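Student: I would like a close look at a single part of this protein, and then a connected account that carries on from there to other parts. Please take it slowly.

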Amino acid sequence: MTRFAIIITTLGVTAIAATPANARKREITPYIEIGQVVAADLNTNDVLTYSTVAVGVDASISTRRVEAQISYRYERRIGYQDRIDDSDVHSGLARAAVRVVPGVSVEGGAIATRARSDVRGANPGVLVGNVANIAQVYSVYAGPTVGTHVGDLGISASYRYGYTKAEAVSSTGVGAGQPRLDAFDSSRSQVAQASLNLKSGTVLPVGVTVSGAWERDDATQLGQKYEGKYARADLLLPVGGSLAIVGGAGYENIQVTQRDALLGVGGQPVVDGNGRFQTDPASPARIAYSFDGIYYDAGVVWRPSKRTQFEARVGKRYGTTSFTGSFSYAPTQSVAIRIGVYDGIQTFGRQLQSGLANVGTSFNPGRPGGLGGEFNGCVFGAEGGAAGNCLNGALQSISTAAYRARGVDALISVSRGPLTFGAGAGYANREFQSANGAAGLTVSGITDESYYAQAFIARALDSSTSIDATAFANYYKSNLLNATDVYGVGATGTFSKRFGRIGTQASVGVYSFGQQGQETTLSVQALLGARYSF
């Protein structure tokens, strides 16, 4: 989609190009690239080959006022003899934070990637050739943040607006006899927050924070609307030089509504040309999820230095026990570790934008144009930055319904001289929320879960030669009717050599995925490419 290519490119490049030439760091590298790809299915001995033509840009900036990075690539795939479909692939990530004046900043992010459409379906890992169950996804958000002090009182507020779009897929690879799931189209989201804070030891021996927030997400599918209103107070009691006890309570009102699907012959949902459910115009807005009440939690905070932070909380939320926490450790500029535990009511667009915001403004782009580089898993931090973030929780499959998301992510990023290394792993669980008794397929109370791991290593052999390798594994389990477990494992390797402005690369990959009751698929891939950087 052209407008998303413009948004992703503009978000990073505008901030970068507008900075002075004497900035601490300012790099803009547009490029064009051609390549040849061969993919072989070792089960059937079927071999496909196609050519690629691509344009892209890698850019970054770091000054006292601006932190921004963009890695974007548009690729046209050209098949032969009608054995592979011609297609367009957008892959990119952009993050920017601009300090407008003291106390006022603007932050934004955008992503173009590909993700699994149906959690029960095919699980292609190296996305070359004709792949099933893979949808092109775009998401963007931006907004201002304000922070100031009035005496000892800290005041902060922020607003974010976001938009998410997913293209429909023609084939999911779901076995016959399983019910159809609706396909996400697009959503618009908003979040506004404000807080007042008194540090411990200023006015009171305890720190006090009072905060409030409003969230809204409007999805086009079945007129789904999410709205949440929150207010809470937190206390922080220091018990040592770096240790404190924290606790808080609040009130929240969350409601998710949706309308019924239009039913046709045999009581099956009527779908459009893209396979999406059509809304029954006579249907009222039904409540898919509702919570109105008090929630609370308590825990500990440990901050022995600016490089180490730990927080863990346990409490009662959404009517059950809830755990959240975080740990970050950056002993040097070249090493960063992060662990996060989360629990919340989510929609696809909101969770993807939240994950994007936690990537940070300095990240390792991997190798766009190789057999990976899709930004659909863990994104690792660059040297001097944070560890990064895993997007697998949102992108394990594209969900139309709202859900309660619980999980944990762990990452490590290392950049030391010619060596770059990153590893990430996690677990995600989604409990879907939809209107009971609504016409069409109901997923209320159904859960799915995924386990994932990813690692990469890259090393510069000299000033113009480098090698890198990536390995990954995924496992998906769904409680939907007749769904089977799905797994996939794979690895890729690349050798790169530069000759001035011309770069060359050779990549190989191997991938296997399977589903219970079906034959395991094993495939190998190879790529030869050349890039001219301006």
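Student: In which loop, and between which strands, does Asn133 lie?

Tutor: Before the details, please keep in mind that this is a predicted model, in which local features need pLDDT of at least 70 and side-chain atom pairs count only at pLDDT 80 or more, whereas totals for chains, interfaces and linings use all residues. Residues are numbered from 1 along each chain as its sequence is written, and side-chain values use heavy atoms, with hydrogens and water left out.

Asn133 lies in the loop between β5 (104–116) and β6 (134–150); strands here are DSSP runs of E with at least two residues, and helices are runs of H or I with at least four, numbered from the N terminus. With a relative accessibility of 1%, Asn133 counts as buried, where buried means under 20% relative accessible area, exposed means over 50% and partly exposed lies in between (1.4 Å probe, protein chains only). Most residues other than glycine have a negative phi. Asn133, which is not a glycine, nevertheless has a positive phi of about 65 degrees.

Leu222 also has a positive phi, of about 55 degrees, although it is not a glycine. Leu222 is placed in the loop between β9 and β10 (225–238), and at 10% relative accessibility it counts as buried.

Strand β9 (residues 207–219) contains Val210, which is partly exposed, its relative accessible area being 43%. Leaving aside residues up to four places away in sequence, Val210 touches Ala194, Ser195, Leu196, Arg232 and Ala233, a contact being heavy atoms within 4.5 Å. Val210 and Ala233 are 23 residues apart in sequence, yet their C-alpha atoms are 4.5 Å apart in space.

A further loop, between β11 (243–258) and β12 (286–305), holds Arg276, which counts as buried at 5% relative accessibility. The side chain of Arg276 reaches the backbone oxygen of Phe184 at 3.2 Å. When residues up to four places away in sequence are not counted, the residues that Arg276 touches include Lys165, Glu167, Asp182, Phe184, Gln221 and Val271.

Finally, eight of the 10 residues of helix α2 (residues 348–357) are buried, so this helix is largely enclosed by the rest of the structure. Among the buried residues of α2 are Phe348, Arg350, Leu352 and Leu356.

Note on methods
Polar contact = N/O pair within 3.5 Å; in protein donor to acceptor, adjacent residues only side chain to side chain.
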